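Q: Please take a close look at one part of this chain, a loop and the strand that follows, and set it against the overall fold. Other positions can be added where they help.

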Amino acid sequence: MKKKLVILTGAGMSAESGISTFRDSDGLWEKYRVEEVATPEGFAANPELVLNFYNQRRRELLATKPNAGHTGLAELEKEFDVRIITQNIDNLHEQAGSSHVIHLHGELMKACSVRDLHTTYALSPDSPDIHIGDTDPHGVQLRPFIVWFGEAVPMIEPAIREVEDCDIFVVIGTSLNVYPAAGLLNYVRRGQPIYLIDPKEVKAYRNDIHFIRKGASEGVKELTKILTDS
Ligand SMILES: NC(=O)c1ccc[n+]([C@@H]2O[C@H](COP(=O)([O-])OP(=O)(O)OC[C@H]3O[C@@H](n4cnc5c(N)ncnc54)[C@H](O)[C@@H]3O)[C@@H](O)[C@H]2O)c1
């Protein structure tokens, strides 16, 4: 039976595809306040600004492609039962060919209505924008299918179940600042190997982590070597 490899990814996973991370200072997130574009209150105050912000993010995503880190993780399915838990709203893991992806914070290429955050509608790459006045079949305004700060994270429960019985746990490109995602590390049983790939130092509250201080593409290459040599 294949070993179960669970991988938690964050914004750094997609950085080499050209998608801005959250906290590294490179412009995008410096131009917007999180409260403005990533909270239900921000949406209520200025829905047009928020819809436009995510319309731009969607167009940015449509112009990018998975990097060698994403494809390297998809390749690992040959030898491992790979489960990806991502904080990212892009679909680059799926584009790279990963079969099991849990999105903790929603998905950019989907919409939901402002009254029902669970029923989703796929957005077409040919007409990816959401506008004021676009509605679900019940006539309720659509919004991006994104878990904003202050909203429940329903996918955390299935994610915890994946982590609890993993054989190997890997963290890639997340500053481990956003909860409950960051807390998943606590569910890895003692004795199971944990690897963390990030070019910068990340504070993780466990003393049993093997750090790989590299970007996602190089880091996944090194991880693959370590896992397949052992
Ligand atoms: N692609 C996306 O979908 C996307 C992009 C930006 C923000 N977000 C959201 O922002 C929130 C922020 O949390 P976060 O921890 O994911 O992001 P973060 O910006 O807080 O942390 C990013 C981490 O990635 C590391 N990093 C930078 N370049 C890297 C590279 N080339 N390879 C590997 N790691 C690299 C940084 O050192 C940092 O530790 C999340 O909720 C996430 O949903 C998502």
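A: The radius of gyration of the chain is 18 Å, which agrees with the value near 17 Å for a compact globule of 230 residues; the radius is taken over C-alpha atoms, and the globule rule is 2.2 Å times the number of residues to the power 0.38. This is a predicted model, in which local features need pLDDT of at least 70 and side-chain atom pairs count only at pLDDT 80 or more, while totals for chains, interfaces and linings use all residues. Residues are numbered from 1 along each chain as its sequence is written, and side-chain values use heavy atoms, with hydrogens and water left out.

Along the principal axes, the C-alpha atoms fill a box of roughly 55 × 35 × 35 Å. The chain has nine helices and nine strands, which are DSSP runs numbered from the N terminus (helices H or I, at least four residues; strands E, at least two). Of its 230 residues, 50% count as buried; buried means under 20% relative accessible area, exposed over 50%, and partly exposed in between, with a 1.4 Å probe and protein chains only. Among contacts (heavy atoms within 4.5 Å) with a separation of 6 or more, 64% join residues 24 or more positions apart.

Now the part itself. The loop between strand 7 (168-172) and strand 8 (194-197) holds Pro180, and Leu176 is placed in the loop between these strands too. The peptide bond from Tyr179 to Pro180 is cis, with omega near 10°. Leu176 has a positive phi, near 55°, though it is not glycine. Most residues other than glycine have a negative phi, and most peptide bonds are trans. Leu176 counts as buried because its relative accessibility is 10%.

The loop leads to strand 8, where Tyr195 is found. Tyr195 has a relative accessible area of 10% and is therefore buried. Beyond its neighbours within four places in sequence, Tyr195 is in contact with Ile168, Phe169, Val170 and Val171, and also with His210, Ile212, Leu223, Ile226 and Leu227. Its C-alpha lies 16 Å from that of Asp81, and the two are 114 residues apart in sequence.

Ile132 offers another loop to set beside this one. Ile132 sits in the loop between strand 5 (121-122) and strand 6 (142-146). At 49% relative accessibility, Ile132 counts as partly exposed. Residues up to four places away in sequence aside, Ile132 touches Pro47, Glu48, Leu51 and Gln141. From Ile132 to Val220, 88 residues along the chain, the C-alpha separation is 41 Å.

In helix 8 (residues 156-164) lies Glu157. Glu157 is partly exposed because its relative accessible area is 47%. The C-alpha atoms of Glu157 and Met109, 48 residues apart along the chain, are separated by 23 Å.

Cysteines complete the picture. Zero disulfides are present, a disulfide being a pair of cysteine sulfur atoms within 2.5 Å. Cys112 has a relative accessible area of 0% and is therefore buried; Cys166, at 0% relative accessibility, counts as buried.
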